[in-house]
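Subject: Structure handover and notes

Dear colleague,

Here is the structure I said I would pass on to you, with the sequence alongside. Please have it open while you read the notes that follow.

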Amino acid sequence: MIELLMTVFSATFFVTVIRTTTPLLFATLGGLISDLSGALNVALEGMMLIAALTAVIVSVYAPWYVAVLAAMLAGGLLGALMAFFHLKLKADIILVGFAVNILATGGTVFALAAATGGDKGTSINLQSKSVPAVDIPFLDAIPGVGPTLDRLLSGHSILSWLGALTVFLVWYFLFRTPWGLWLRGVGEYPAAPEAAGIPVSKVRAWSLVASGALVGIGGAQLAMFNFIGFTRDMTAGRGFIALGAVLLGARHPVGAMLAALLFGVFEALSIVMPNLFNWIPSELIQTIPFVVTILALVLFSYRAQRARQLKTLSKA
Amino acid sequence: MSAQSAVRWRAIRKEAGTTLVALAMALAVALVVVLLTSHDPYKAFSTLMGGPISSNRTIGLWIDDVAKLTLTGLAFSLVFQARQFSMGVQGQVYVGGLCAALVAMSPIGGTVFAIPVAMLAAMAAGAFYGLLPGYAKARFGASEIVSSLMLNYIAILVVNFMVRAYLAPAGTGQLMTEKFPDTAIFPAIIPGTRFDLGIVIALAATAIVWFVLYRTAWGLKLRLVGHNPGFAEYSGIPASTIMVSAMTAAGAIGGLLGAVFVQGRAFGNLSVDFDGNLAFEGILIAIVARSRPLAVPFVALFYGYLRQGAQLMGIRTDVPSEMISVVQAVIILLVASSFSMPGKKVIAKLLGQRAAPVTAGSAAK
């Protein structure tokens with residue numbers, strides 16, 4: 001137990017948490033945007049998987065930032081595909097989302113086999129690149145707290161910093177710009193923005209595209225920093241966990257970040273625990289993020305339900 | 001009466017027509033993909049289209065898939081009829097398979113009761129696993145999509161752990177149990193093939209689900225809750241009880257599928273990751289069958305053929321069998337878009353979505 005506490009309160013664990021949180025954070029923010037516009041995006045998982053593979057394959061031939069952009073583009077295109085089928089052809093958004101997920105699980109293996117010349121498991125034979133980590137050397141020079149600060153803040157993926165910035169940008173967009181107001185209005189009560197002449201479908205379509213692009217960054221981080229290279233089904237439910245994190249974060253960007261951080265902590269725990277407790281079977285440790293997601297979801301839904309009941313009671 | 005049945009036939013013809021168009025388009029997409037990636041596209045495509053009927057053995061494989069696809073399609077149809085999006089069939093298959101395997105490996109496995117007891121145990125486990133997300137939704141308002149997906153991952157990990165640590169023969173490092181005793185494995189209907197009891201179970205389940213949905217009060221209530229929750233509420237139908245019971249019943253079917261998996265002649269044992277993602281393909285079956293139980297076996301027959309063809313193509317040619325997922329996605333997108341599942345969350349939201357395309361059209365110009 002002492003060892004676990006020692007590990008949890010170490011700087012290395014903090015760095016691990018940030019690393020595991022970053023893909024979840026982007027996926028959660030992506031899910032948040034489409035959810036707020038009234039389209040529940042269950043395809044986060046598939047989008048992330050396809051973006052991860054895109055990032056790996058593009059990074060073989062191009063610099064890392066091009067690969068990240070390509071991953072965003074792949075996610076955005078999938079978002080546009082969903083928008084087309086959902087808004088133009090009136091397909092149910094959840095079914096469209098699962099179609100994307102199915103396309104992703106098989107399609108990535110198929111594309112991987114085509115790209116590697118027959119390897120269906122991993123991209124180990126591809127020379128893919130990674131996203132650079134950012135070191136902040138001058139922190140060390142600060143007297144006293146300098147070395148600690150340096151250990152905490154150095155070595156993160158550049159995308160992790162982008163993630164923190166994105167939380168702010170999404171918040172600013174949603175709550176301080178007219179388009180953010182449109183988006184929230186479209187999700188809240190579509191008839192009103194429609195009467196005001198706001199193009200409801202267009203807003204929803206763009207929010208799906210933005211959602212896909214954000215998840216795409218998460219996929220790039222996963223395949224270019226957390227792991228170098230692609231393995232089949234490497235997202236391992238992160239997209240679905242992010243879907244839970246959207247609900248858990250009370251549909252607010254800061255809440256989304258905290259929820260992603262919570263799940264990131266437990267994923268990091270499931271990474272460090274096998275070294276500390278080798279008597280616990282690894283499969284059971286791997287269930288931790290999923291169990292925590294269910295518990296958190298139930299707890300939060302219960303509290304939200306209570307809050308709603310209290311509200312109606314006080315009104316009556 | 002005859003006028004009514006004429007209307008019904010016309011509706012069936014129309015829906016079958018759209019489905020066939022979707023299938024043709026999906027196959028065209030498959031053809032393009034094969035042409036782009038294969039060195040011998042003719043062989044690949046002809047294996048995809050003709051492989052399953054090339055021998056008795058492959059026909060057996062096909063029918064085995066049809067039985068399993070029918071069961072997963074029924075499980076999804078049942079929850080879709082109640083307009084729930086519980087995606088937990090995969091998890092139910094794993095817990096059901098685990099329980100069936102435990103019974104088959106216990107002393108009961110050597111007796112004549114092995115098959116019925118194992119099936120009942122699997123159904124009970126699956127029902128419990130289906131109940132969990134339903135209860136969490138009815139009691140706490142927790143989204144059944146997320147919770148059922150999480151339960152899938154948990155079930156797979158736990159079953160894999162059980163197999164690796166306890167059930168596999170000690171010291172071999174195998175990731176599967178030993179073969180069950182013969183009494184616990186489904187008898188073959190045609191000897192030497194996989195044409196076994198599974199298909200009988202699947203057809204019986206189809207009849208039962210149809211009867212329950214369309215000929216019992218519970219089924220009527222379930223469909224009412226699914227089609228018009230507001231109306232159901234006003235007529236005094238306990239919507240959340242119906243919803244939870246629908247998810248539980250679907251869970252029992254999922255668990256039964258687990259028993260069919262492990263006790264069928266294809267396996268006859270429990271191994272890690274045994275479902276090969278088949279459980280999720282029930283979504284496609286249910287969507288194409290419009291969640292109608294009687295249509296499910298027919299859709300499973302067609303889709304099972306394609307699926308088996310893709311497997312054989314993966315083995316015999318240079319096109320990976322995963323290519324089939326492209327076909328799946330295209331079919332789902334096309335079939336789902338020709339009709340829209342109404343009333344999934346709140347009617348108010350739906351009204352907004354209905355009204356939305358008007359602006360979409362003008363925005364496009």
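Does B:Glu144 count as buried or exposed? With a relative accessibility of 6%, B:Glu144 counts as buried, because the limit for that class is under 20%. Please keep in mind throughout that this is a predicted model, and that the values below are computed from it.

Salt bridges

B:Glu144 is also a convenient place to start on the charged pairs, since this residue forms a salt bridge with B:Lys137, in which the closest N and O atoms are 3.3 Å apart. The two partners fall into separate accessibility classes, for B:Glu144 is buried at 6%, whereas B:Lys137 is partly exposed with a relative accessible area of 26%.

Over all chains, a search of the whole structure finds 8 salt bridges, and a few of them may be worth your time. In chain A, A:Arg251 and A:Asp35 form one, with 3.1 Å between the closest N and O atoms. This pair links distant parts of the chain, as the two residues are 216 residues apart: A:Asp35 belongs to helix 2 (residues 11–36) of chain A, while A:Arg251 sits in the loop between helix 11 (238–248) and helix 12 (253–276). A:Asp35 counts as buried, at 5% relative accessibility, but A:Arg251 is partly exposed, at 33%.

A salt bridge within a single helix is found in chain B, where the side chains of B:Lys68 and B:Asp64 meet at 3.1 Å, N to O. Both residues lie in helix 3 (residues 56–81) of chain B and are 4 residues apart, which is about one turn of the helix. B:Lys68 and B:Asp64 are both buried. Chain B also holds a network of salt bridges that links B:Asp65, B:Glu281 and B:Arg307.

Backbone angles

A:Arg251 comes up again when one turns to the backbone, because most residues other than glycine have a negative phi. The phi of A:Arg251 is near 55°, a positive value in a residue that is not glycine, and this residue, as said above, lies in the loop between helix 11 and helix 12 of chain A. A second case is B:Asp273, with a positive phi of about 45° although it is not a glycine either. B:Asp273 is found in the loop between helix 10 and helix 11 (282–288) of chain B, and with a relative accessible area of 46% it is partly exposed.

The cavity

Where is empty space left inside the model? The structure holds 1 cavity of 30 Å³ or more, and the volume of this largest cavity is about 40 Å³. Its lining is made up of B:Val79, B:Ser86, B:Gly88, B:Val89, B:Gln92, B:Met247 and B:Ala250. Helix 4 (89–105) and helix 10 (239–263) of chain B each supply at least two of the lining residues. By class, the lining has 4 nonpolar and 3 polar residues, with no charged ones.

A nonpolar patch on the surface

On chain A, a nonpolar patch on the surface is formed by A:Leu162, A:Leu165, A:Phe168, A:Leu169 and A:Tyr172, which together have about 460 Å² of accessible area. A:Tyr172, one of these residues, is found in helix 7 (residues 158–176) of chain A and is partly exposed, with a relative accessible area of 42%.

Two distances in chain B

Finally, there are two separations that you may like to compare with the sequence. B:Leu284 and B:Phe76 are 208 residues apart along the chain, and their C-alpha atoms are separated by 9.1 Å. B:Leu284 is found in helix 11 of chain B and counts as buried, at 2% relative accessibility. B:Arg215 and B:Phe195, by contrast, are 20 residues apart along the chain, with 31 Å between their C-alpha atoms. B:Arg215 has its place in helix 7 (residues 197–215) of chain B, and because its relative accessible area is 52%, above the limit of 50%, this residue is classed as exposed.

With best wishes

Note on methods: Residues are numbered from 1 along each chain as its sequence is written. Chains are lettered from A and ligands numbered from 1 in the order in which they are written. This is a predicted model: local features need pLDDT of at least 70, side-chain atom pairs count only at pLDDT 80 or more; totals for chains, interfaces and linings use all residues. Side-chain values use heavy atoms; hydrogens and water are left out. On a 1 Å grid over the protein atoms alone, a cavity is a set of points where a 1.4 Å probe fits but cannot get out, and a pocket is an open set with protein on both sides within 12 Å along at least five of seven lines; lining residues have an atom within 4 Å of a point. Grid points are joined across faces, edges and corners, and a volume is the space filled by probe spheres set on the points. Ala, Val, Leu, Ile, Met, Phe, Trp, Tyr, Cys and Pro count as nonpolar, Asp, Glu, Lys and Arg as charged, and the others, Gly among them, as polar. Patches are made of residues with over 30% relative accessible area and no salt bridge: like charges are joined within 9 Å, nonpolar side chains (Val, Leu, Ile, Met, Phe, Trp, Tyr) within 5 Å. Accessible areas come from the Shrake-Rupley method with a 1.4 Å probe; for residues, only the protein chains shown count as cover. A salt bridge is a side-chain nitrogen of Lys or Arg within 4 Å of a carboxyl oxygen of Asp or Glu. Buried means under 20% relative accessible area, exposed over 50%, partly exposed in between (1.4 Å probe, protein chains only).
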